[in-house]
Amino acid sequence: MKNIFEIAGDEGCGSNQLLWPRAIAGDVNGNTFVVDTYTHQVQRYSPDGDITIVAGGNGNGSHANQLSIPNGIHIDNTGNIYILDAGNHRIQLWAPDATEGITVAGGNGRGNGSPSGMFVDRNGDIYVSDKIENHIQKWAPGATEWVIVAGGNGEGSNPNQFNCPSGVDVDVDGNIYILDKNNHRIQKWAPGATEGITIIGGNAGGSDANQLKNPHGFHINSDGIIYIADSNNHRIQKWAPGATEGITVAGGNGRGSLLVQFDYPCDVYVDDNENIFVADLCNHRVHLWAK
């Protein structure tokens with residue numbers, strides 16, 4: 001059994017407290033970054049236990065030093081922090097040690113959708129999932145508008161459709177992976193494809209090894225292994241490439257607040273040592289399941 005630690009928690013707004021942590025990421029130096037949605041900030045947790053607010057933390061707002069209901073994050077290899085600033089309908093870039101961010105995508109007011117997840121590839125292309133419009137959009141460096149690259153064919157369960165996509169990732173070959181929440185599956189769209197293929201789940205919502213139930217966040221490592229925050233099953237599932245079912249590597253002990261439990265986990269990050277970091281949404285904490 002893994003060693004389990006709570007590295008951040010307790011509902012509230014203090015430096016060691018969280019209020020609806022919704023997204024999590026790590027950098028090459030072993031730091032963990034947590035998007036704390038309703039304190040409108042991003043916190044960094046160092047391997048030594050230091051806690052620092054690295055973006056936002058200046059109240060709910062639209063100024064350059066503020067965020068509004070952030071719900072996604074990406075850290076590049078130089079330490080730049082990309083934040084899905086959902087309430088402001090924009091992507092903010094915070095350089096290391098910056099006191100404010102710059103808008104690198106969106107920021108042109110609210111459309112009809114609701115951004116729910118993001119990823120930035122090595123070319124600087126920004127991908128955002130939209131849970132209302134049921135599509136994935138891309139914003140290339142220097143662009144002035146979004147381009148739909150997956151979905152956009154209405155809500156549904158057909159190969160060219162989504163139902164509340166809540167996460168997106170892109171591999172080095174340009175394949176797009178979409179966490180299709182209410183279809184309980186992960187879809188893979190090849191570059192230029194007009195529809196996706198189901199690579200995980202898609203067997204109706206459930207708790208069997210070949211099922212998911214309203215998954216909310218996921219992480220793909222360098223070997224193509226996918227870790228999924230299987231939210232309504234209160235567990236983290238690990239799927240090897242080509243597997244027909246997953247294995248539970250954290251949680252799976254019912255809904256609750258014990259160290260071995262989760263209460264709607266909504267995102268997961270796994271470092272190079274296979275340590276599992278989980279944003280445990282309704283327990284207002286981050287869990288480390290150490291290898």
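Select C164 to begin: at 15% relative accessibility this cysteine counts as buried, since the cut-off for that class is under 20%. The model on display is a predicted one. Now add C266 to the selection, whose sulfur is the closest cysteine sulfur to that of C164; the two are 13 Å apart, too far for a bond.

Next, select C282. Its closest cysteine sulfur likewise belongs to C266, at 8.3 Å, and this too is too far for a bond. A disulfide would require sulfur atoms within 2.5 Å. C282 counts as partly exposed, because its relative accessibility is 24%. The structure as a whole holds zero disulfides.

Move now to the open sheet of four strands, which runs in the order β2-β3-β4-β5 with antiparallel pairing. Colour residues 21-26 and 51-56 to mark the edge strands, β2 and β5, each of which pairs on one side only. From one strand to the next, the twist averages 25°. In general, the strands of a sheet pair through backbone hydrogen bonds, so displaying the backbone is a suitable choice here.

Within this sheet, isolate β3 (residues 32-36) and β4 (residues 41-45), which are joined in the antiparallel sense by five bridges. Pick V34 and follow its bridge to the partner in β4, Q43.

Remain in strand β4 and select Q41. Is this residue buried or exposed? Q41 counts as buried because its relative accessibility is 5%. Beyond its neighbours within four places in sequence, Q41 is in contact with V34, V35, D36, I53, A55, G56, G57, L67 and P70.

The next selection is the largest nonpolar core, a set of 13 residues in which F33, V42, I73, I81 and I83 have the most contacts. Two or more residues of this core come from each of β2, β3, β5, β6 (72-75) and β7 (81-85). Centre the view on I73: leaving aside neighbours within four places in sequence, I73 is in contact with A23, I24, A25, F33, V35, V42, I81, Y82 and M118. Apart from this core lies another, of twelve residues, including A229, V249, A250 and I276.

Finally, select L288 in strand β24 (residues 285-290). L288 counts as buried because its relative accessibility is 14%. Add N3 and display the C-alpha to C-alpha distance: L288 and N3 are 8.0 Å apart in space, although 285 residues separate them in sequence.

Definitions and conventions
Residues numbered from 1 in each chain as written. Predicted model: local features only at pLDDT ≥ 70, side-chain atom pairs only at ≥ 80, totals over all residues. Heavy atoms only, no water. Pairing = 2+ DSSP bridges. Axes fitted to C-alpha atoms, helices over the stretch in contact; angles between N-to-C directions. Buried < 20%, exposed > 50% of the residue type's maximum accessible area, 1.4 Å probe, protein only. Contact = heavy atoms within 4.5 Å. Core = buried A, V, L, I, M, F, W, Y, C linked by side-chain atoms within 4.5 Å.
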